[in-house]
Amino acid sequence: MVPWLLLALPLGATAAAGRDKLLGVHPSALAKYTPSKSNTWKCLDGSKEISWNAVNDDYCDCPDGSDEPGTSACPDSRFWCKNEGHIGAYIHSSRVGDGLCETECCDGSDERPGTCPNRCKEIGEAYRAKRDAELKIQKTGSKIRSTYIAFAHKERKRLEDLAASLEKDIVAKEKEVEKLREIAERTESLTQAALDHKRQSPLYQSLLNHNKALKSLKREYKKHADREKQLGQILDSLRTGYNPNYQDMAVLEADGEESSTPEPESEKTEEAVDDGLWTADELDSELDDLIGTDYTSLLLEHEDHINTPTEDSLLFKITSYIPDAWLPQYEAWKDNFVDWLEKLGIVSEESSGSSTEATRAQQALTEANTELNHMRREKTESESDVLKIFNPEHFGAEGEWKKLDDTCINHEVGDYTYELCFFKEAKQKPNKGGSNFSLGRFQSWNKDARPGSPEYYSKQVYQHGTRCWNGPERSVVVLLTCGVENTIYSVQELEKCEYQFKGTSPALCLPPGKEPQNHEEL
């Protein structure tokens, strides 16, 4: 044997014998690494008893690798770095003694003495400064979160009171509707034949023709408006998504013409509107109501107007002063009296006003029914919202997210402003004019996490936005962390038309001590 190899053997044995037997052992397991009176030690799985001197001797004796916590001799085992002054951490045994200074082992205990400097003091100080700053944010954010929770409780109380109040109003309105229905049935005196005769009048027929013309104009206008919107979106997509490296001359020409086309004079200055003509906003808001006019009622009201004397007869106003219990008798007497006047030729059937009164009664019934249906819908929505407020799958187990329902936040990146309205919709808005694009509507929280956990509320998914030019529908994944403000601080397009927002919200700031623990500290 080579002489220097003979010298190396006792040196290696001495080094192994002098190695700390507790090196790499987690504090919770120190009591398990104690030799017996006969200086032996059992593997932690109980499968084998070895000499205490064989522990941490850089040779794997135990099947579970427990005899080599401080070396790399056993595969798939872990080394515990004490890191005094900072946070203890595990590393894989394969990284022990490899000559590299591991970040997780800032004390350098995984390498031979002198190989790696002990940087735990400075790393620990930096870590504690960062942790203190984060703790300050968490404390402030948790106080804001508590106001969100208080709002949720008030909102539930408000919605419960609203539902209870609506229940009473619905009962009263149902009685009113029933009463109006009885009145409408009693006052309905105009025969269908007479009504059909009135509908043959030139005025009524002209109104119907005007209605058809309006509907036709609206249909054609909508076609052109939709087409113009599509063309605008195509041009906006070409400008924002076109890759000049493709050298598509048709696209370049279309984009060039769009950018160089002077703005029409009518768009620069507001077009003068003739007196009495509707503006564009009035057309959008009032045209549907005009088209939906009840021309039969209008015709009857017109006849009533031209046949009514300048001073209304007390005969048809007296119902305002008669108690409800006497109304049936009065209505019967009035009908008989009017019939008698008509037979004597004193008044005509047209001027009696019975048809107009029937129309008004029917209109009152219709309006009351509309109000009743609105109350029922509002009550149903209120009861549904009450159930969602403290549902972990909706606004959180404590209702902390209800405050942000439909709250909008913005972040500007380049030529665009990105808007996120919580639980509603995300949008992309050009800063220099052009069409807005929907990036999707709220679909879900983080489906990969348990409802009610912090991880569940750290991710929101918005889908089915405006379809990209020759691409998929736009969508957004929103990643949230604890912060003292509701804000977006980062927007990225990870894939074509697939966006990622990063932001903060106090709703994620749990009170200190309630957050999940992910590390151990010495």
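A disulfide is a pair of cysteine sulfur atoms within 2.5 Å. This is a predicted model, and the structure holds eight disulfides. Three of the links are described below, including the one between Cys43 and Cys62.

**Cys43 and Cys62**

- The sulfur atoms of Cys43 and Cys62 are 1.8 Å apart, and the two residues form a disulfide.
- The angle about the S-S bond is -80°, and the link of Cys43 and Cys62 is left-handed.
- Cys43 sits in the loop between strand E1 (40–42) and strand E2 (49–51), while Cys62 sits in the loop between E2 and strand E3 (78–81), so this pair ties together parts that are 19 residues apart in sequence.
- Cys43 has 3% relative accessibility and counts as buried because that value is under the 20% cut-off.
- Cys62 is also buried, with a relative accessible area of 3%.

**Cys81 and Cys105**

- Cys81 is joined to Cys105 by a disulfide, with an S to S distance of 1.4 Å.
- This link of Cys81 and Cys105 is left-handed, with -45° about the S-S bond.
- Cys81 belongs to strand E3, and Cys105 lies in the loop between strand E4 (89–92) and helix H2 (120–187), so the disulfide ties together parts that are 24 residues apart in sequence.
- The relative accessible area of Cys81 is 0%, and the residue is buried.
- For Cys105 the relative accessible area is 3%, and this residue is buried as well.

**Cys408 and Cys421**

- A disulfide joins Cys408 to Cys421, with an S to S distance of 1.9 Å.
- The torsion about the S-S bond of Cys408 and Cys421 is about 105°, so this disulfide is right-handed.
- Cys408 is in strand E5 (residues 408–413) and Cys421 is in strand E6 (residues 416–421), so the pair ties together parts that are 13 residues apart in sequence.
- Cys408 is partly exposed because its relative accessible area of 36% falls between the 20% and 50% cut-offs.
- Cys421, in contrast, is buried, with a relative accessible area of 9%.

Notes: Residues numbered from 1 in each chain as written. Predicted model: local features only at pLDDT ≥ 70, side-chain atom pairs only at ≥ 80, totals over all residues. Heavy atoms only, no water. Helix = DSSP H or I, 4+ residues; strand = E, 2+ residues; numbered from the N terminus. Buried < 20%, exposed > 50% of the residue type's maximum accessible area, 1.4 Å probe, protein only.
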